[in-house]
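Here are some notes for a colleague who is opening this entry for the first time. Please read them with the sequence and the structure side by side.

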Amino acid sequence: MTWWVRVLVGIGALALVGVLGFNLLKKQIAAVVFNSFVLERVGTDPSAELPDGLHVYMCGTGSPLPDPSRAGPCIGVLAGERAYVFDVGSGGVRNLGLMGFPTAKLEAVFLTHLHSDHFDGLGEMLLNAWIAGSRADPLSVYGPPGIVSVVDGFNAAYEVDGGFRTAHHGREVANPEGRGGAAIEISMPTDQTGSSIVFADQDLKVTAIRVSHEPVDPAYGYRIDYKGRSVSISGDTVYSETFAAASSGVDIMFHEALDPELVRKIGDAMLARGALVAAKIFSDIPDYHATPEDAAKAAAEAEARALVYYHTIPPMPVSFLEPLFLEGVDKEYDGSVTIGQDGFLYSLPAGSDRIIFDGLL
C-alpha cells in the first residue's frame with residue numbers, strides 16, 4: 001500500500017469516527033451550542049458596548065422586488081442612547097432584532113414617504129416597541145401628510161391582537177395605553193430651503209428634507225446630526241439638488257439607486273414573454289428613482305465622506321453583478337462607495353473622524 005493510499009485511508013477512518021462521534025454526542029453538542037450562543041445572549045443589549053456616537057443599522061436594503069438576502073427599506077439609527085428607525089419595510093424589524101438594535105429604547109419612527117414598501121413592517125415595529133419597552137405611551141411616527149391615515153390603519157388592525165396580549169401578559173408588560181403609534185405630520189416651510197428641523201436639542205438634530213419622487217408628493221429625506229457626526233438618508237428620489245445641499249459635509253450619505261439599463265433589460269424580457277403588466281411597471285419605475293451615477297453626483301456635491309447605496313434596484317443576488325451597477329460612479333464621486341447589505345453597521349464615534357464598519361449578519 002503506497003503512502004498516499006495510507007493517508008487517504010487514515011483520513012477516511014478519522015472522518016468515520018467523527019461522524020459516528022457526532023451522532024452519538026449530538027444532543028450534548030446541541031446543548032453546549034444552545035447554552036453558549038443563546039442563553040448567554042438572551043436579555044443582553046449589544047448596543048451598550050458601542051462607543052458614544054452615531055450608529056447606523058442597515059436593517060433593510062432591498063426593494064419590493066423579491067430578494068432573499070434583502071428586506072424592504074429600513075435604517076436604524078442610534079444616537080448615544082436614543083434610538084430611531086427611518087422607514088420600516090417588510091422584514092426590517094426582524095433584522096433589527098438579529099443585529100441587536102435596542103428596540104426598547106426606540107423613541108420614534110420616521111417615514112420618508114407613503115409608498116407601502118417603506119412602511120409595510122410598521123405594525124410589527126409598533127408591536128415590538130410596545131412590548132420590548134413596556135411602553136405607557138404610543139410610539140411617535142413622523143411622516144408627510146397622510147401619515148395619520150396610515151398610523152390609524154395600523155392601530156385599528158392590531159387592536160384585537162393588543163387586547164389578547166394584555167389579557168395574557170398583564171398591564172405591566174402590555175399596557176394598553178402604550179399600544180400602537182401616534183402620528184406626527186411633518187410640514188415643510190413655504191420658503192425655498194426645502195428642509196425643516198423636526199426636533200433639536202444640545203446634542204441631536206433631525207432634519208427633514210424635501211425630495212422629488214413624483215407623483216408621490218411630498219416625499220422626504222432626512223439628515224441626522226449628533227455630537228459632530230452626521231448622516232443623511234435619501235428615501236426615494238431622483239437626483240435632488242436640495243438633498244445634496246442639505247447633506248453638506250455628512251460623514252455618510254445613504255442613497256437609493258436604480259440601474260435603468262438593468263431594469264430595462266428585465267422589462268424587455270418580461271415583454272417578450274407576454275408579462276405585459278410587469279413589463280409596464282418596469283418601464284415606469286426608472287423615472288422617479290436616482291441612478292447610481294445620480295446618487296454619486298449628490299454625494300460629490302455634498303462633499304460626503306462616504307456613499308452607501310441602499311434600496312437598490314434591481315436585486316443583485318451575487319456580488320459579481322455589483323460592477324455593472326456601479327459602472328460610471330467613479331466618474332462622479334471619488335470617495336468611499338459601498339453597496340449596502342442587510343446587517344451592515346456603521347459607527348461614527350463622537351469626538352472622532354473614524355468610520356467603523358461591522359457586518360452583523
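1. Strand β12, which covers residues 306-313, pairs with β13 in the parallel sense, and four bridges connect the two. One place to look at this pairing is Val 308, which stands opposite Thr 338 in β13. Please keep in mind throughout that this is a predicted model.

2. These two strands belong to an open sheet of seven strands, arranged in the order β7-β8-β9-β10-β11-β12-β13, and the pairing within the sheet is mixed. The edges are formed by β7 (195-200) and β13 (336-339), each of which pairs on one side only. From one strand to the next, the twist averages 25°.

3. Which strands does helix α9 touch where it packs on the sheet? Helix α9, made of residues 292-302, touches β11 (252-258) and β12, and the direction of the helix makes about 160° with that of β11.

4. After the helix, it is worth pausing at Glu 303, which lies in the loop between α9 and β12. Glu 303 is not a glycine, and yet it has a positive phi of about 55°. Its relative accessibility is 65%, and because exposed means over 50%, Glu 303 counts as exposed.

5. A comparable check can be made at Ser 134, in the loop between α3 (122-132) and β5 (139-143). Here too phi is positive, at about 45°, although Ser 134 is not a glycine. Is Ser 134 buried, partly exposed or exposed? With a relative accessible area of 39%, Ser 134 is partly exposed, because that class lies between the limits of 20% and 50%.

6. Two cis peptide bonds deserve a look in the viewer. One joins Asp 217 and Pro 218, with omega at about 0°, and Pro 218 has its place in strand β9. Another runs from Ile 313 to Pro 314, where omega is near 0°; Pro 314 sits in the loop between β12 and α10 (322-325).

7. Turning to the interior, the largest nonpolar core has 31 residues, and the members that touch the most other members are Phe 86, Phe 110 and Phe 254. Strand β9, residues 216-226, gives the most to this core, contributing four residues. A second core, separate from this one, has 26 residues and includes Ala 83, Met 99, Ala 129 and Leu 139.

8. Which residues does Phe 86 touch, if those up to four places away in sequence are not counted? The list consists of Cys 74, Ile 75, Val 77, Phe 110, Val 206, Tyr 222, Ile 224 and Ile 233. A reader who selects Phe 86 together with Phe 110 will thus have on screen a contact between two of the residues that touch the most other members of the largest nonpolar core.

9. Some totals for the protein chain may help to place these details. The chain holds 10 helices and 15 strands, and 45% of its 361 residues count as buried. Among contacts between residues at least 6 apart in sequence, 64% join residues that are at least 24 apart. The accessible surface comes to about 17600 Å², and 58% of that surface belongs to carbon and sulfur atoms.

Key: Residues are numbered from 1 along each chain as its sequence is written. This is a predicted model: local features need pLDDT of at least 70, side-chain atom pairs count only at pLDDT 80 or more; totals for chains, interfaces and linings use all residues. Side-chain values use heavy atoms; hydrogens and water are left out. Two strands pair if DSSP finds at least two bridges between them. Axes are lines fitted to C-alpha atoms, for helices over the stretch in contact, and angles run from 0 to 180 degrees between N-to-C directions. Contact means heavy atoms within 4.5 Å. Buried means under 20% relative accessible area, exposed over 50%, partly exposed in between (1.4 Å probe, protein chains only). Accessible areas come from the Shrake-Rupley method with a 1.4 Å probe; for residues, only the protein chains shown count as cover. A nonpolar core is a set of buried Ala, Val, Leu, Ile, Met, Phe, Trp, Tyr and Cys residues joined through side-chain atoms within 4.5 Å.
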